[in-house]
Amino acid sequence: MAILLGAELLLLLTDAEGVFTADPRLHPEAELVARVTDFSALDPLDIGHTSSPLGSGGMRSKVVAAEMATAAGIPTVIANGLDPGMISAAAANHPVGTQFPAREGRYSSFKLWLKYAKPVRGRVLVDAGAARALREGGTSLLPVGVVEVDGAFEAGDAVEIAHGEEAVGKGISNYSAGELRQVRGLQSAAVREVLPRASEEAIHRDYFVLA
């Protein structure tokens, strides 16, 4: 809703002071994470540690909501809703709770939906050249760059794109899993010989988001 409204701030209230390095109820030495600019830095932490009576889904879901909002250019705060004056303090940009500043390079609403909401139906492994082109060049994924195809998906389904064990991104496939297996590794001319009506791109750049 914050994204649809173009909100200036998303405030997520819970019964904890914010995001901690561990469950503060079990680990007294746990520290408050005051500011998050890199969401991957939270991966090693046990941040699914509390389920708030003020909302559903616990801390993990609030962090995911913060990731979505900041990708849309909306700064976010996770803070204790039981503290008097918390809403006005957060609105005044005081250092309360855990702060998530808005990120540069905003995603469109469509790409936010693709990245966070559309379920993944399969996995496509790509070679090093394709992975680099997707990350650095903003290009489409062509069948020639596909190494392996995992899962059973249809054209229009979302698939994870990976190079080895490393996720590259997520995109909407123009091919079914069976079709993509037929043409993986082939140049465009050879693809047309196998599937004459197939799209040139396995995944178009407009329907792809980086991991």
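Two strands pair if DSSP finds at least two bridges between them. With that in hand, here is a walk through this predicted model.

Q: Which residue stands opposite Val126 in strand 5?
A: Strand 4 and strand 5, the latter covering residues 146-151, pair in the antiparallel sense over five bridges. Across that pairing, the residue facing Val126 is Val146.

Q: Which residue of strand 6 stands opposite Arg123?
A: Strand 4 (residues 120-126) also has strand 6 (residues 158-163) as a partner, and these two run parallel, joined by five bridges. In strand 6, the residue opposite Arg123 is Glu160.

Q: Which strands stand at the edges of the open sheet in the order 1-2-3?
A: Three strands make up this open sheet, and the pairing is mixed. Two of them have a single partner strand each, so one side of each is left without a neighbour in the sheet. Those edge strands are strand 1 and strand 3.

Q: By how many degrees are neighbouring strands of this sheet turned against each other on average?
A: Take the open sheet with the order 1-2-3. With direction ignored, its neighbouring strands are turned against each other by an average of 15 degrees.

Q: What is the bridge partner of Leu10 in strand 2?
A: Strand 1 and strand 2 pair in the parallel sense, and five bridges hold that pairing. For Leu10, the partner in strand 2 is Thr76.

Q: At about what angle does helix 2 run to strand 1?
A: Helix 2 spans residues 58-71 and reaches 21 Å from its first C-alpha to its last, close to the 20 Å expected. It lies across strand 1, strand 2 and strand 3. Its angle to strand 1 is about 175 degrees.

Q: Which helices do the buried residues of helix 2 pack against?
A: The buried residues in helix 2 include Met59, Val63, Ala66 and Ala69. They pack against strand 1, strand 2 and strand 3, and against two helices as well. Those helices are helix 1 (2-5) and helix 4 (109-116).

Q: Is Ser173 buried or exposed?
A: Ser173 sits in the loop between strand 7 (166-172) and helix 6 (177-183). Among the residues it touches are Phe153, Asp157 and Ile203. Its relative accessible area is 3%, and the cut-off for burial is under 20%, so Ser173 counts as buried.

Q: Which residue has its backbone oxygen 2.6 Å from a polar atom of the Ser173 side chain?
A: Look around the loop between strand 7 and helix 6, where Ser173 lies. The backbone oxygen at 2.6 Å from that side chain belongs to Tyr175.

Methods. Residues are numbered from 1 along each chain as its sequence is written. This is a predicted model: local features need pLDDT of at least 70, side-chain atom pairs count only at pLDDT 80 or more; totals for chains, interfaces and linings use all residues. Side-chain values use heavy atoms; hydrogens and water are left out. Helices (H or I, at least four residues) and strands (E, at least two) are DSSP runs, numbered from the N terminus. The expected span of a helix is 1.5 Å times one less than its number of residues. Buried means under 20% relative accessible area, exposed over 50%, partly exposed in between (1.4 Å probe, protein chains only). Contact means heavy atoms within 4.5 Å. A polar contact is a pair of N or O atoms within 3.5 Å; within protein, one must be able to donate a hydrogen and the other to accept it, and residues adjacent in sequence count only if both atoms are side-chain atoms. Axes are lines fitted to C-alpha atoms, for helices over the stretch in contact, and angles run from 0 to 180 degrees between N-to-C directions. Lists of a residue's contacts leave out its neighbours within four places in sequence.
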